[in-house]
Amino acid sequence: MTEAGQIVTLERVGAIGVLTVNNPPVNALSHGVRSGLKAGLDAAGADQAISGLVLICAGRTFVAGADITEFGKPMKEPGLAAIIETIENSSKPVIAAIHGTALGGGLELALACHYRVAVPDARCGLPEVKLGILPGAGGTQRLPRVVGLALALDMITSGDPIGAKQARETGLVDEVIAGDLKTGAIAFAEKVVRVREMSDKLKVPDPDFFKNYKSTLAKRRRGLEAPQACVDAVEAAATLPFDQGLKRERELFTRLLGGEQSKAQRYFFFAEREANKIPDVPGDTAVKTIRKAAVIGAGTMGGGIAMNFANVGIPVTVVEATQAALDRGLGVVRRNYEISASRGGMAAEDIDKRMALIKGTTDYGAIADTDLVIEAVFEDMALKKEIFAKLDGIAKPDAVLATNTSTLDVNAIAAATKRPESVIGLHFFSPANVMRLLEIVRGAKTSKPVVASSMALAKTIRKVPVLVGVCDGFVGNRMLAQRGREAERLLIEGALPHQVDKVLTDFGFPMGPFAMGDLAGLDVGWRVRQARGTKAPIADALYEAGRLGQKTSAGYYHYEPGSRAPLPDPDVERIIIEVSKQLGVARKPIPEAEILERLVYPMINEGAKILEERMALRASDIDVIWVYGYGWPIYRGGPMHYADSIGLKKIAERLSEYADRFNEPALKPAALLQQLAREGRGFADWQASAKAA
Ligand code: T1G
Ligand code: NAD
């Protein structure tokens, strides 16, 4: 039965049959794999010379789950359940030999096997909840019986894998194979003489266990349906006979799979992977390894940026203008590590190890041998140009020179050097050591190796990179500005900060525009408006009243000492009503549905303009930016995916109405939006045709 090119092969080694799956890149359980497995299992079952079976995978990993690209299409038999049944009912012991990641349906397959062995760096998990579903092939019923309720619930509701060591300790894996996996697995199979009944470690601590677990989870995973359903499925495992539990799992799985949330999260799974691909930067483009980094400025951003390098063991030098600023900046870094250690986010003894990787200096000469320099000084063009001209004379010829500017023209900064091809924007988000998004701003002259090196670096420092073009505010802040303008207009017209913020927190954002403004500081926005000569009557009035946000315990909200809870403030209401009066606006209540449209539709419209101008490669890139950089709820996929779910025709119509009502040209529907609305298409269709072109 061994034929090249077959995705599932069966060979006999002594009395042991070896079933090998070979479906790159991650051995997903496509229809072809399922059919091959069924045929292989049946053949092994019928072969008298075979007394035991090893299930193993070729390539970089054990089965990483069902084939997500097959979801939403009619399911072709044999299904995974049929294969699992064949294994479980096999009279010959079946041993799963795990390397890489046994995930989702892959772990469910392994759980159906009578024994599991794994290499030391293998990982096992049920990440379905990250796709808005739950394990649908018995994982919620079998895992708790093998590892116990608590660990199974944590693994299934978080979707995070565990390592081989913990898997061994908890009985998920029977043996860790240090040497060659296939050889070790066959040896293990030769040792076991009979199949094994599934163990049953299911003990329910107390009658309210599941109820309490769900309410805690609801706070941590706000708005997400799948985590709650995961608990329901595991509760069925603990309270119903096995077959009924399987049935309950299937019902919950089918409901979630057909839902909008899972559709959005599956879309996002592929969006995140697409964002890594730069069509004109081939995969074999030279990538520079960053062995030494430097950060200019140890302010709000500089310190956090430096931590990203120390966190992955890369030495980083921080250059400040004065010793005092340096001491203050590095002091904040140490405190951030101490807070993280006090919360169990890292080991206390690692604080000194990380700090040892962060060197401070006021001498620019000290960074002459670094591979990458990231500038994070005040948002002032003249200062940034001065610094890049200085770096041009200091940094080694092949160093990457990056700026963390959030609004300034990266091409103008690059022009301050004789090597604009080495200059790129690396736009981190605050707090830079926490936020996962990294907008990579490609200048007109940025070289492909610098682009490729920056994309690779993002992975190294555990960021999600998205490539964007040079324009005002790049992608994220540019769209945010549209929302900010409309949020201010809503206040003038009749709403109050907590009413507007409630609409977005109900929608799924961690906070609304006004609580976010207070977090960032109202002075940041005021300085930007001053520099541009623009006005925001209410925000300006609050700034002039000395209300800078959380840092002054007063902004759009009031904050009790030591608390970050935003409390509505009658003084703010008075200021807002006064401004409306001065502007001659008769205040009136605004329905929540309208508030949502007026905050979100202008962002989508700006997203369409960004695509027209090719400031983003894909609509899905914009969604990755908003989910990872601005807290857009992942179960809504992102603003562009959300727009498609609403329908572009409706959005274009509403925008036209608002543009006329407020005589606001920025609200006029973008050409691309109007075109797609006319054609009855969505941004996903536009992207697919752009990709095919
Ligand atoms: N189906 C289809 N394609 C997949 C896939 C999958 N399950 N997993 C990965 N790919 C593609 C991916 O799109 C990319 O394609 C390439 O493989 C490499 O992936 C019944 C119903 C395994 C840890 O959720 O977490 O089982 O971009 O870039 O960083 O209960 O992929 O190259 O064209 O991510 O090394 C549950 C999903 C499914 C695991 C490898 N399983 N995959 O990470 O590579 S639901 C998952 C991952 C299920 C059952 C239910 C990761 C990885 P392309 P990559 P990586
Ligand atoms: P900040 O004011 O907190 O820090 C700037 C630091 O630069 C100060 O410590 C200052 O002493 C130092 N500095 C000034 N001149 C210097 C020089 N010649 N050499 C060395 N150091 C010098 O500012 P920030 O909020 O960290 O912003 C830094 C940059 O990051 C800006 O371009 C800003 O637009 C951008 N940014 C800020 C945020 C944010 O949320 N704060 C987010 C993304 C990007």
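In this predicted model, helix α11 makes the greatest contribution to the shell around ligand 1, supplying 3 residues. Helix α11 spans residues 260-274, and it is one of three elements that each provide at least two residues of this shell. The other two are strand β5, residues 101-103, and helix α3, residues 105-112.

The surroundings of ligand 1 comprise 28 residues, of which G105, E108, E128, R273 and K277 come nearest. Sorted by class, the shell holds 17 nonpolar residues, together with 5 polar and 6 charged ones.

Several pairs of N or O atoms link the ligand to the protein. At the side chain of R273, an N or O atom lies 2.6 Å from an oxygen atom of ligand 1. The side chain of E128 likewise places an N or O atom 2.8 Å from an oxygen atom of the ligand. For I68 the backbone is involved, with an N or O atom 2.9 Å from a nitrogen atom of ligand 1. Taken alone, ligand 1 exposes 990 Å², and 74% of that area is buried by the protein.

A further result concerns the packing of two helices, α27 and α28. Helix α27 covers residues 648-662 and helix α28 covers residues 671-679. The axes of the two helices are 8 Å apart and form an angle of about 130°. Because this angle falls outside the ranges for roughly parallel, roughly perpendicular and roughly antiparallel packing, helix α27 is oblique to helix α28. The crossing of α27 past α28 is left-handed.

Technical notes: Residues numbered from 1 in each chain as written. Chains lettered and ligands numbered in written order. Predicted model: local features only at pLDDT ≥ 70, side-chain atom pairs only at ≥ 80, totals over all residues. Heavy atoms only, no water. Near = heavy atom within 4 Å. Polar contact = N/O pair within 3.5 Å; in protein donor to acceptor, adjacent residues only side chain to side chain. Areas by Shrake-Rupley, 256 points an atom, 1.4 Å probe, with all protein chains shown as cover. Helix = DSSP H or I, 4+ residues; strand = E, 2+ residues; numbered from the N terminus. Nonpolar A, V, L, I, M, F, W, Y, C, P; charged D, E, K, R; others polar. Axes fitted to C-alpha atoms, helices over the stretch in contact; angles between N-to-C directions. Parallel < 35°, antiparallel > 145°, perpendicular 65-115°, else oblique. Left-handed = near helix turned anticlockwise from the far one by under 90°.
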